[in-house]
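Reader: I should like to learn how the features of a protein model are read. May we work through one together, feature by feature?

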Amino acid sequence: MRSIRRRLIVSLLAGSALLIAGTGFYVERLLGERVTEEFDATLESRARALVSLAEQEDGQIEFDYAPEFMPEFEREERPEYFQLWLEVPSGKGPVLYRSSRLQEDLPRVAVRDRPAFRPVALPDGRDGRLVQFSFTPRPPDPEDDEDDGGSPAAQTGTPLRITLVMARGRERLDELIASMRWLIFLAGGSATLLAAAFIWRAIIAELRPLEAIAAQVEALDAEKLDSRITLDRPPVELAPVLDQLNALLDRLQSSFDRERRFTGNVAHELRTPIAELRSLSEVATKWPDDRESNERFFADVSDIAGHMEGVVTDLLLLARCHAGVERVEKVPISLKQVIQQVWSKLAPSATDGHPRMNINIPDELVTHSDPGKLSILLSNVLGNAVCYAKPDSEIECVARREGAGFRLEVKNECDSLEAEDLDRLTEPFWRKDEARSSSEHAGLGLSVVAALASLLGIELELRQEPAGFFMVSLSGNLSGS
């Protein structure tokens with residue numbers, strides 16, 4: 001199983017190690033170049049000191065080198081070396097002077113106007129660096145001639161140029177670079193270990209809220225759906241997760257509550273007719289020869305069986321719609337015609353004292369739908385209006401075109417509903433009357449309406465208007481749209 005903690009630690013630690021290593025290599029190279037530049041600067045400075053010892057007069061070169069003042073060229077251990085050549089147009093000129101410890105020529109590079117540096121293998125086998133440049137020896141100092149009682153020397157002829165090559169061992173340079181390299185390595189290693197410890201502690205601390213959420217979720221079960229997941233000062237990134245988890249718990253709690261109510265309501269709806277059938281059977285067995293009573297008995301049995309059959313039929317229809325297995329065969333249907341057909345079946349029950357129906361639907365409103373299922377849907381909508389409308393009130397059934405579709409509204413005057421009632425109107429077996437004193441309806445009408453509307457692609461809206469009117473609104477597409 002993949003671990004976010006492990007992947008974060010490995011990724012961050014690898015990234016930190018690469019960053020520290022890259023920085024270390026860059027610093028080591030940069031410092032090595034700077035130290036080498038300082039070494040070369042010192043090497044050039046010493047070479048310039050030798051330049052000051054050379055003079056030329058009347059085409060002659062004098063080199064006032066005193067070994068006792070420059071012991072670095074005379075010592076037996078780790079000596080330094082230098083060599084002077086006279087430059088001639090034809091190429092390599094004669095050697096003018098070399099240090100006493102130098103038995104062979106030092107390597108030369110192409111003559112440049114500025115000093116040239118390069119690594120070199122010294123005559124004694126050590127690694128070193130050399131500097132080479134050309135210079136013109138200075139003429140004698142006139143003050144020296146005056147002190148001797150002479151006159152200033154006159155410089156004649158073309159000035160001569162000399163090539164100087166000086167080399168020295170790079171032991172101290174290599175030791176310094178090595179010490180810096182080890183220091184950088186130790187610093188990088190220490191920084192990596194500190195970064196690993198910091199990353200570990202930071203990730204462990206930042207993932208604690210996830211562990212707290214996991215522990216709270218693990219403690220949930222069907223009996224604790226009223227609990228909610230909470231965190232003290234939740235991170236911004238986890239706030240949406242908490243909101244969605246708690247919203248899911250709200251939905252689960254609502255679903256479980258609906259299932260419990262559904263189970264209780266089904267039991268109640270079936271218990272009442274079953275009790276009635278049992279009571280009728282007991283009465284019938286006591287007076288088996290009473291023909292008139294038996295006829296009433298069978299009539300009541302038929303009514304009860306019809307009611308139970310209607311409940312079971314609606315439940316099966318709901319189950320098929322929710323499972324997505326209910327077939328739909330759509331054909332063009334006139335809204336006005338189907339409404340009139342449905343109302344013709346309901347009108348006999350709306351006798352004196354019952355609400356009146358006002359149908360206002362244009363003839364040209366034709367939709368593409370399943371005739372049977374649309375009739376069931378509208379029958380439940382109008383039947384609900386007839387059942388719950390106030391006596392002697394008027395039910396309005398109005399339809400109109402809206403863009404490429406239609407909007408059908410059925411409005412009836414009734415007792416006001418609360419906001420929470422509207423959310424539960426399509427819940428199977430729900431009734432405003434919790435005592436369920438009336439057995440005329442089972443409370444499945446609007447549940448069937450909602451299921452069929454979703455199946456037929458019709459948008460259903462239920463709302464309570466301030467004037468005490470309850471409205472069912474159905475919106476769908478017209479035929480050919």
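Reader: At roughly what angle do the axes of helix α6 (residues 335-346) and helix α7 (residues 371-388) cross?

Author: Two packed helices are described by the angle between their axes and the distance between the axes. In this predicted model, the axes of α6 and α7 cross at roughly 50 degrees and come within 9 Å. Angles from 35 to 65 degrees fall outside the parallel and perpendicular classes, so α6 is oblique to α7. The crossing of the two helices is right-handed.

Reader: Which residues of α6 and α7 make the contact?

Author: On the α6 side they are V338, I339, V342, W343 and L346. On the α7 side they are L374, S375, L378, S379, L382, G383 and V386.

Reader: At what angle do α7 and helix α9 (residues 445-456) pack?

Author: The angle between α7 and α9 is about 145 degrees, and their axes are 9 Å apart. The crossing of α7 and α9 is left-handed. From α7, the residues in contact are K373, L374, I376, L377, N380, V381 and N384. From α9, they are G445, L446, V448, V449, L452, A453, L455 and L456. L374 of α7 therefore appears in the contact with α6 and in the contact with α9.

Reader: Where is D370 placed with respect to α7?

Author: D370 is in the loop between β10 (366-369) and α7. Its relative accessibility is 8%, so D370 counts as buried. Setting aside neighbours within four places in sequence, D370 is in contact with R327, V328, E329, K330, I333 and L456. One of these, L456, also belongs to the α9 side of the contact with α7. As for R327, it is 43 residues from D370 in sequence, while the C-alpha atoms of the two are 9.3 Å apart in space.

Reader: I should now like to turn to aromatic rings. How many aromatic pairs are there?

Author: A pair of aromatic rings is described by the distance of the centres and the angle of the planes. Nine aromatic pairs are counted here. One of them is formed by Y65 and F82, with 5.4 Å from centre to centre and 65 degrees between the planes, an edge-to-face arrangement. Y65 lies in the loop between β2 (60-63) and β3 (81-86) and F82 in strand β3, so this pair ties together parts that are 17 residues apart in sequence.

Reader: Are Y65 and F82 buried or exposed?

Author: Both are buried. Y65 and F82 also belong to a cluster, linked by ring pairs, that includes F63, F73 and Y97.

Reader: What geometry do W182 and F185 show as an aromatic pair?

Author: The pair of W182 and F185 is edge-to-face, with centres 5.8 Å apart and planes at 85 degrees. These two residues are three places apart in helix α3 (residues 171-218), a separation of about one helical turn. Both W182 and F185 are exposed, whereas both Y65 and F82 are buried.

Reader: Which charged residue lies over the face of F133?

Author: R48 lies over that face, at 4.1 Å from the ring centre of F133. Another case is K411, which lies over the face of F469 at 5.7 Å from the ring centre.

Reader: Let us consider the backbone. What is the sign of phi at R78 and at R233?

Author: Most residues other than glycine have a negative phi, and most peptide bonds are trans. R78 has a positive phi of about 50 degrees, and phi of R233 is also positive, near 50 degrees. R78 is placed in the loop between β2 and β3, and its 46% relative accessibility makes it partly exposed. R233 is placed in the loop between α3 and α4 (239-286) and is exposed, with a relative accessible area of 80%.

Reader: Is R168 buried or exposed?

Author: R168, found in strand β7 (residues 162-169), has 15% relative accessibility and so counts as buried. Apart from neighbours within four places in sequence, its contacts are F39, T42, L43, R46, E80, L122, G128 and R129.

Reader: Finally, how many helices and strands are there in the chain?

Author: The chain has nine helices and 14 strands. Of its 481 residues, 34% count as buried. Among contacts with a separation of 6 or more, 67% are between residues 24 or more positions apart.

Technical notes
Residues are numbered from 1 along each chain as its sequence is written. This is a predicted model: local features need pLDDT of at least 70, side-chain atom pairs count only at pLDDT 80 or more; totals for chains, interfaces and linings use all residues. Side-chain values use heavy atoms; hydrogens and water are left out. Rings of Phe, Tyr and Trp (its six-membered ring) pair if their centres lie within 6.5 Å; planes under 30 degrees apart count as stacked, over 60 as edge-to-face and the rest as tilted. Helices (H or I, at least four residues) and strands (E, at least two) are DSSP runs, numbered from the N terminus. Buried means under 20% relative accessible area, exposed over 50%, partly exposed in between (1.4 Å probe, protein chains only). A charge sits over a ring if NZ of Lys or CZ of Arg is within 6 Å of the ring centre and within 35 degrees of the ring normal. Axes are lines fitted to C-alpha atoms, for helices over the stretch in contact, and angles run from 0 to 180 degrees between N-to-C directions. Angles under 35 degrees count as roughly parallel, over 145 as roughly antiparallel, 65 to 115 as roughly perpendicular and the rest as oblique. A crossing is left-handed if the near helix is turned anticlockwise from the far one by less than a right angle, and right-handed if clockwise. Contact means heavy atoms within 4.5 Å.
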